[in-house]
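Open your viewer and let's take a walk together. At each stop there is something to select and a few things to look for.

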Amino acid sequence: MASNVNPTVRRRRLGQELRRLRELKGMTAEEVAERLLVSQSKISRLENGRRSISQRDVRDLCGVYEVEDHRIVDSLMQMAKDSRQQGWWHAFGDIPYSVYIGLETEAASLRIYESLLVPGLLQTPGYAEAVIPGTVPELAPDHLEKRIQVRMRRQERVNDPERPLRLWVVLDESALRRVVGSHLIMREQLDHLVEVSNLPHVTVQILPYDTGAHAGMSGTFSILEFDDASDSSVVYIEGVTSDLYLEKTNDVHKYTIMYEHLRAQALSAEASREFIAAAAKSHADARG
């Protein structure tokens, strides 16, 4: 394990290894849960990396799976210890999408389809300050400030000089037209969108209204991919009270096909820049 791998990814890799050991033993999660007198959901959450895992959990599971090689047990125990370290985002307190942030921080590439707003990684501070309380209307002022700070910190991955995030965004026209905050904020946001879309590792495509029906009309989603072959791709679907993470090969494949259709239906990158620039001008004209 590399020392710079974040705790979310450590938990995920550890969970994948524990699942592999269970399957080698020919046991179901329910059978393991019965042996350890815990719930089946706990075993599932440990295996999918959504729950913090202790060294005692690893020891008990290795006992059930009859792992005799002490080097394997010691390695898994160390992974469990490392996975309980805190990522940079924990310094901001309770962030509801912290699991996603951990995955995003480690991802090599990210494909986003968004229909209603500019994605967080591309938001200006002014846009973020206006859109967050709009989407979470009862958010306390101090929590709002923390969320803005986290959002801006996340954007460091886009501009990381050593390991920039390969980012591809397909954005519905409605995100450009909706006035979030003010026309001035929208003008600044869309100008920023044009600027960042010129980066060699960032692509932004627009789906105009006249595209008609398209593959993304069932909802927004993101696809995260990782450099390490042991880390499978993840489809992330954000929810109001809980988020959905899809990791099965068939699920990821279906969403990948959907994304390819969206990219094919959207304007080209150059045409999209021109479209965004025109939308920015319309906001400038609107504010007089």
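Start with a cartoon view of the protein chain, which shows 12 helices and 6 strands. Keep in mind that this is a predicted model. Turn the chain about its principal axes, and the C-alpha trace spans about 75 × 40 × 35 Å.

Next, colour the residues by burial. How many of the 288 residues are buried? Buried residues make up 47% of the chain. If you switch on a surface, its accessible area comes to about 14700 Å², and 50% of that belongs to carbon and sulfur atoms. Colouring by charge brings up 36 positive and 42 negative charges; the mean positions of the two sets are 3 Å apart.

A contact view is worth a moment too. Taking contacts between residues at least 6 apart in sequence, 74% join residues at least 24 apart.

**Stop one: the largest pocket**

Select Leu117, Thr135, Arg151, Glu238 and Gly239, and centre the view on them. Of the 36 residues that line the largest pocket, these five lie nearest its centre. The volume of this pocket is about 1100 Å³.

Now show the elements that supply at least two lining residues each:

- helix 6 (98-106) and strand 1 (109-114)
- helix 7 (125-135) and helix 8 (141-154)
- strand 4 (221-225) and strand 5 (234-237)

Which helix gives the largest share of the lining? That is helix 7, with 4 residues.

**Stop two: helix 6**

Stay with helix 6, one of the elements around the pocket. Is this helix mostly covered or mostly open? Mostly covered: 8 of its 9 residues are buried. To see them, select Val99, Tyr100, Ile101, Gly102, Leu103, Glu104, Thr105 and Glu106.

What covers these buried residues? Bring back helix 1 (7-25), strand 1, helix 8, strand 4, strand 5 and strand 6 (244-246), which are all included in the cover.

**Stop three: Gln123 and Gly126**

Move to Gln123, in the loop between strand 1 and helix 7. Why does Gln123 count as buried? Its relative accessible area is 1%, so Gln123 falls on the buried side of the 20% cut-off. Setting aside residues up to four places away in sequence, Gln123 touches Leu117, Val118, Ala128, Val131, Arg151, Met152, Gln155 and Gln189. Two of these names, Leu117 and Arg151, also appeared at the pocket, among the residues nearest its centre.

Then select Gly126, which is in helix 7. Gly126 is partly exposed, with a relative accessible area of 27%.

Add Glu188 to the view and try the distance tool. The C-alpha atoms of Gly126 and Glu188 are separated by 8.4 Å, although these residues are 62 apart along the chain. For Gln123 and Glu188, 65 residues apart along the chain, the C-alpha separation is 9.9 Å.

**Stop four: Arg22**

Go back to helix 1, where you will find Arg22. Is Arg22 buried or exposed? Arg22 is buried, because its relative accessible area is 10%, under the 20% limit. Show its partners beyond the neighbours within four places in sequence: Met27, Thr28, Ala29, Val32, Glu47 and Tyr65.

**Stop five: two loop residues with positive phi**

Select Leu37, in the loop between helix 2 (29-36) and helix 3 (40-47). What is its phi? The value is near 60 degrees, which is positive in a residue other than glycine. Leu37 is exposed, with a relative accessible area of 78%.

The next selection is Glu66, in the loop between helix 4 (55-64) and helix 5 (70-83). Glu66 has a positive phi of about 55 degrees, and it is not a glycine. At 53% relative accessibility, Glu66 is exposed, because the cut-off for that is over 50%.

**Last stop: Gly212**

Finish in the loop between strand 3 (202-207) and strand 4, where you can pick out Gly212. With 38% relative accessibility, Gly212 counts as partly exposed. How many residues apart along the chain are Gly212 and Gln265? They are 53 residues apart, and their C-alpha atoms are separated by 9.5 Å.

Notes:
Residues numbered from 1 in each chain as written. Predicted model: local features only at pLDDT ≥ 70, side-chain atom pairs only at ≥ 80, totals over all residues. Heavy atoms only, no water. Buried < 20%, exposed > 50% of the residue type's maximum accessible area, 1.4 Å probe, protein only. Contact = heavy atoms within 4.5 Å. Areas by Shrake-Rupley, 256 points an atom, 1.4 Å probe, with all protein chains shown as cover. Lys, Arg positive; Asp, Glu negative; His and termini not counted. Charge placed at Lys NZ, Arg CZ, Asp CG, Glu CD. 1 Å grid on protein atoms, 1.4 Å probe; cavity = no way out; pocket = protein on both sides within 12 Å on 5 of 7 lines; lining within 4 Å. Points joined across faces, edges and corners; volume = space filled by probe spheres on them.
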